[in-house]
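Got the model open in your viewer? Let's walk through it one selection at a time.

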Amino acid sequence: MTSPPSAPLKGRLSVPGDKSVSHRALMLSALAIGRSRIGGLLESEDVLATASVLGAMGAGIERLDDGRWQVDGVGVGALLEPETALDFGNAGTSVRLTLGLIASHPIVATAIGDPSLSKRPMARVLDPLRTMGAEVIARSGDRLPLTIRGAETPVPITYELPVPSAQVKSAVLLAGLNTPGTTTVIEPVPTRDHTERMLAGFGAPIKTETDEAGRRQISLSGPAALEPMDLTVPGDPSSAAFAVVAGLIVPGSDVTVTDVLLNPTRTGLFDTLAEMGGDIAIENERISGGERIGDVHVRASRLKGVDVPPSRAPSMIDEYPVLAVAAAFAEGETRMEGVGELRVKETDRLAAVTAGLAANGIQVESGDTWLAVTGRTGLSGGGTVATHLDHRIAMSFLIMGLAADEPVTVDDTRMIATSFPGFVTMMEALGAAFTAETAPVS
Ligand code: S3P
């Protein structure tokens with residue numbers, strides 16, 4: 001797909017439901033005793049993979065005519081052994097959190113995924129889950145495919161996160177649901193807290209304290225019973241990010257993304273864009289389902305480069321590719337430090353962003369854990385970007401083309417459906433005009 005320079009983008013749009021919240025809403029509903037209903041669920045490939053694996057373990061999941069999803073939960077401790085391998089597709093959050101669920105149930109399951117997911121490290125969740133009593137046989141380096149046997153008598157642990165990862169935190173807490181005793185996760189740097197908030201909402205005995213060193217300690221007493229509930233998933237800030245950046249960098253634009261989740265563990269990109277001089281305003285702020293939400297209104301702005309501190313990484317970890325695109329149109333250097341985790345996402349995002357920007361005439365440098373982009377040094381665009389099965393690389397560079405001097409082409413757009421089906425249609429409704437070419441079937 002090719003993204004040519006665009007006329008001003010104008011309008012209001014809402015983005016689909018948050019991916020992290022959608023996975024968790026399905027999982028906790030599947031473990032509650034009784035019927036839950038979820039409005040605004042993200043109907044993307046990743047989330048549908050979660051629905052399908054939970055169905056294979058006994059939950060009754062169906063889409064209602066009004067668009068809500070109804071989940072009949074099995075109750076904590078009652079997941080059934082799946083009869084076939086669980087296919088997680090491209091979904092890292094889905095597999096890591098589900099491994100946590102299985103780890104404290106006495107069942108055996110095999111997890112498989114696509115070539116991107118099969119390259120991603122699973123040791124970060126398997127290490128603590130093994131300590132809790134799960135047994136795992138995995139391909140070398142603890143990668144998929146793997147088979148896990150959940151513990152008959154799981155053991156509670158206190159686990160300090162060695163990497164700032166909400167997926168690891170969540171896997172341990174979800175395993176703690178069916179573990180007698182207190183399971184504690186200590187996180188030196190706060191990461192997205194949807195699991196904790198939602199566990200409390202479903203009635204689990206969970207508490208979060210901050211110790212003298214400023215570390216968050218999250219403790220859950222198990223085994224815990226979950227009560228069903230009705231909930232609505234707010235719009236995904238990580239999807240809103242694309243329209244927000246486009247609205248700032250395409251001259252003459254004025255764009256509002258409505259009903260966006262504004263949980264502070266997710267809003268690092270908006271803070272950074274404001275520091276860069278972006279005209280970005282949060283309007284109509286309110287609380288919905290225990291979360292802060294609001295409308296994000298942007299107008300095209302002359303951005304300037306900034307230093308993005310490592311402490312901000314967890315609150316915008318999925319937004320660095322599109323921030324790097326914004327930086328390509330900013331005056332001066334934008335330096336992003338402490339972003340080594342980008343190397344283990346759907347692809348090595350530091351490498352993919354560096355190569356993609358360089359192919360499009362942007363001055364860019366990167367190291368193991370940092371990225372530096374200098375904007376406006378010459379003509380931009382004209383290149384083709386390798387997306388490596390990564391949805392956010394594809395969307396970020398389609399946004400780049402809208403503001404570049406020459407069109408930008410991405411080699412594949414199929415993966416966009418893993419997180420943001422409707423991305424192309426929504427950007428077109430704002431005024432973008434992409435052109436698509438279908439690759440010949442080989
Ligand atoms: C997620 C956590 C983040 C993020 C991912 C979703 C989650 O991963 O990149 O897209 O829903 O918990 P890490 O926990 O590995 O940082």
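Start by selecting Arg376, which is partly exposed, with a relative accessible area of 41%. Keep in mind that this is a predicted model. Arg376 sits in the loop between β21 (370-375) and β22 (384-385). Check the backbone there: phi of Arg376 is near 55°, a positive value in a residue other than glycine.

Now jump to Asp142, in the loop between β8 and β9. Its phi is also a positive value in a residue other than glycine, near 55°. Is Asp142 buried or exposed? Asp142 is buried, with a relative accessible area of 15%; the cut-off for buried is under 20%.

Stay in this area and pick the strands on either side of that loop. In strand β8 (residues 135-139) you'll find Ile137. Ile137 is exposed, with a relative accessible area of 65%. Show its contacts, skip residues up to four places away in sequence, and you get Leu146 and Thr147. For a distance check, draw a line from the C-alpha atom of Ile137 to that of Thr232: the two are separated by 37 Å and lie 95 residues apart along the chain.

Next, strand β9 (residues 143-149), where you can click on Pro145. The peptide bond leading from Leu144 into Pro145 is cis, with omega near -5°. There is another cis bond to visit, from Gly222 to Pro223, with omega near -10°. Pro223 is in the loop between β13 (216-222) and β14.

From there, move on to β14 itself and the sheet around it. Color the strands β4, β5, β3 and β14: in that order they form an open sheet of four strands with mixed pairing. Which strands are at the edges? They are β4 (60-63) and β14 (230-232), each of which pairs on one side only. Look along the sheet and you should see a twist that averages 15° from one strand to the next. Then add helix α1 (residues 19-31), which packs on this sheet and touches β3 (33-39), β4, β5 and β14. The direction of α1 makes about 45° with that of β5.

Zoom in on the β4 edge. Strand β5 (residues 69-74) runs antiparallel to β4, and four bridges join the two. To see a facing pair, select Arg63 and Trp69: Arg63 stands opposite Trp69 in β5.

For a parallel pair, go to strand β6 (residues 86-87) and β7, joined by two bridges. Here Asp87 has Ile112 in β7 as its bridge partner. Show the side chains of β7 (residues 108-112) as well. Ala109 and Ala111 make up its covered face, while Val108, Thr110 and Ile112 make up the uncovered one. That fits a general pattern: in a regular strand the side chains alternate between the two faces of the sheet.

Time for some helices. Select α5 (residues 166-176) and α6 (residues 194-201), which pack with their axes 9 Å apart at an angle of about 30°. How are they oriented to each other? Angles under 35 degrees count as roughly parallel, so α5 and α6 are roughly parallel to each other. Show sticks for Lys169, Ser170, Leu173 and Leu174 in α5, which meet Thr195, Glu196 and Leu199 in α6. By class, this contact of α5 with α6 has three nonpolar, two polar and two charged residues.

The last stop is another helix pair, α10 (residues 349-359) and α11 (residues 391-403). Their axes come within 11 Å and cross at roughly 25°. That angle makes α10 roughly parallel to α11, and the crossing is right-handed. On the α10 side, show Arg349, Ala352, Val353, Gly356 and Leu357; on the α11 side, show His391, Arg392, Ile393, Phe397 and Met400. The residues of this contact divide into six nonpolar, two polar and two charged.

Finish on one of them, Arg392, in helix α11. Is Arg392 buried or exposed? Arg392 is buried, with a relative accessible area of 3%. To see what surrounds it, leave aside its neighbours within four places in sequence and select what Arg392 is in contact with: Lys19, Ser238, Phe242, Asp318, Pro321, Arg349 and Ser419.

How values were computed: Residues numbered from 1 in each chain as written. Predicted model: local features only at pLDDT ≥ 70, side-chain atom pairs only at ≥ 80, totals over all residues. Heavy atoms only, no water. Axes fitted to C-alpha atoms, helices over the stretch in contact; angles between N-to-C directions. Parallel < 35°, antiparallel > 145°, perpendicular 65-115°, else oblique. Left-handed = near helix turned anticlockwise from the far one by under 90°. Contact = heavy atoms within 4.5 Å. Nonpolar A, V, L, I, M, F, W, Y, C, P; charged D, E, K, R; others polar. Pairing = 2+ DSSP bridges. Buried < 20%, exposed > 50% of the residue type's maximum accessible area, 1.4 Å probe, protein only.
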